[in-house]
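The following exercises concern one protein model. Please examine the sequence and the structure, attempt each task, and then read the solution.

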Amino acid sequence: MSDTITLPESLTIHTIDSTYTELNQAFLNTGDNIVLNAQAIETIDTSGLQALLMLIESARKNQKSIEWQNANELLKTSAEKIGLAQALQLN
């Protein structure tokens with residue numbers, strides 16, 4: 001069974017401090033299969049992408065699988081621009 005984590009609408013340097021702890025806790029409290037719902041993302045920057053990368057890498061180290069749901073073009077394009085699309089499993 002998969003656990004879904006819904007990402008916030010803003011993952012930027014201005015919001016990441018307040019959301020990272022919450023997201024990290026959500027990742028820690030999930031089972032082995034995580035679905036990331038990215039439908040709400042409206043703004044994301046390098047800090048937000050790096051935070052997602054840290055969370056995903058931590059989940060992988062704990063043998064959890066990651067699947068994207070509703071990964072919008074903004075997320076995909078932003079990740080591609082800085083070379084993180086493959087590491088974030090957005091390809």
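**Exercise 1: The sheet**

In strand 3, the bridge partner of T4 is V35. The model is a predicted one, in which local features need pLDDT of at least 70 and side-chain atom pairs count only at pLDDT 80 or more, while totals for chains, interfaces and linings use all residues. Residues are numbered from 1 along each chain as its sequence is written, and side-chain values use heavy atoms, with hydrogens and water left out.

Task: State how many bridges join strand 1 to strand 3 and strand 3 to strand 5, and determine which strands stand at the edges of the sheet.

Solution. Step 1: Helices (H or I, at least four residues) and strands (E, at least two) are DSSP runs, numbered from the N terminus. Two strands pair if DSSP finds at least two bridges between them.

Step 2: Strand 1 and strand 3 (residues 33-37) run parallel and are joined by 4 bridges.

Step 3: Strand 3 and strand 5 also run parallel, with 5 bridges joining them. Here V35 stands opposite E67 of strand 5.

Step 4: The result is an open sheet of 3 strands in the order 1-3-5, with parallel pairing. Strand 1 (3-6) and strand 5 each have a single partner strand, so they stand at the edges, and one side of each is left without a neighbour in the sheet. From one strand to the next, the twist averages 25°.

**Exercise 2: The faces of strand 5**

Task: Determine which side chains of strand 5 are buried.

Solution. Step 1: Buried means under 20% relative accessible area, exposed means over 50%, and partly exposed lies in between (1.4 Å probe, protein chains only).

Step 2: The side chains of strand 5 alternate along the strand. I66 and W68 point to one face and are buried, whereas S65, E67 and Q69 point to the other face and are not.

Step 3: I66 also takes part in a long-range relation: its C-alpha atom and that of S2 are separated by 9.4 Å, although the two residues are 64 residues apart along the chain. S2 belongs to the segment before strand 1 and, at 38% relative accessibility, counts as partly exposed.

**Exercise 3: Two helices**

Task: Decide how helix 1 and helix 2 are oriented to each other, roughly parallel or roughly antiparallel.

Solution. Step 1: Axes are lines fitted to C-alpha atoms, for helices over the stretch in contact (heavy atoms within 4.5 Å). Angles run from 0 to 180 degrees between N-to-C directions.

Step 2: Helix 1 (residues 16-28) packs against helix 2 (residues 46-61) at about 20°, and their axes are 11 Å apart.

Step 3: Angles under 35 degrees count as roughly parallel, over 145 as roughly antiparallel, 65 to 115 as roughly perpendicular and the rest as oblique. Helix 1 and helix 2 are therefore roughly parallel to each other.

Step 4: On the side of helix 1, the contact is made by I16, Y20, L23, N24 and F27. Helix 2 contributes S47, G48, A51, M54, L55, I56 and A59.

**Exercise 4: Positive phi**

Task: State where N70 and Q89 are placed.

Solution. Step 1: Most residues other than glycine have a negative phi.

Step 2: N70 has a positive phi, near 60°, and lies in the loop between strand 5 (65-69) and helix 3 (73-81). With 40% relative accessibility, N70 counts as partly exposed.

Step 3: Q89 likewise has a positive phi, near 60°, and lies in the segment after helix 3. Its relative accessible area is 35%, so Q89 is partly exposed.
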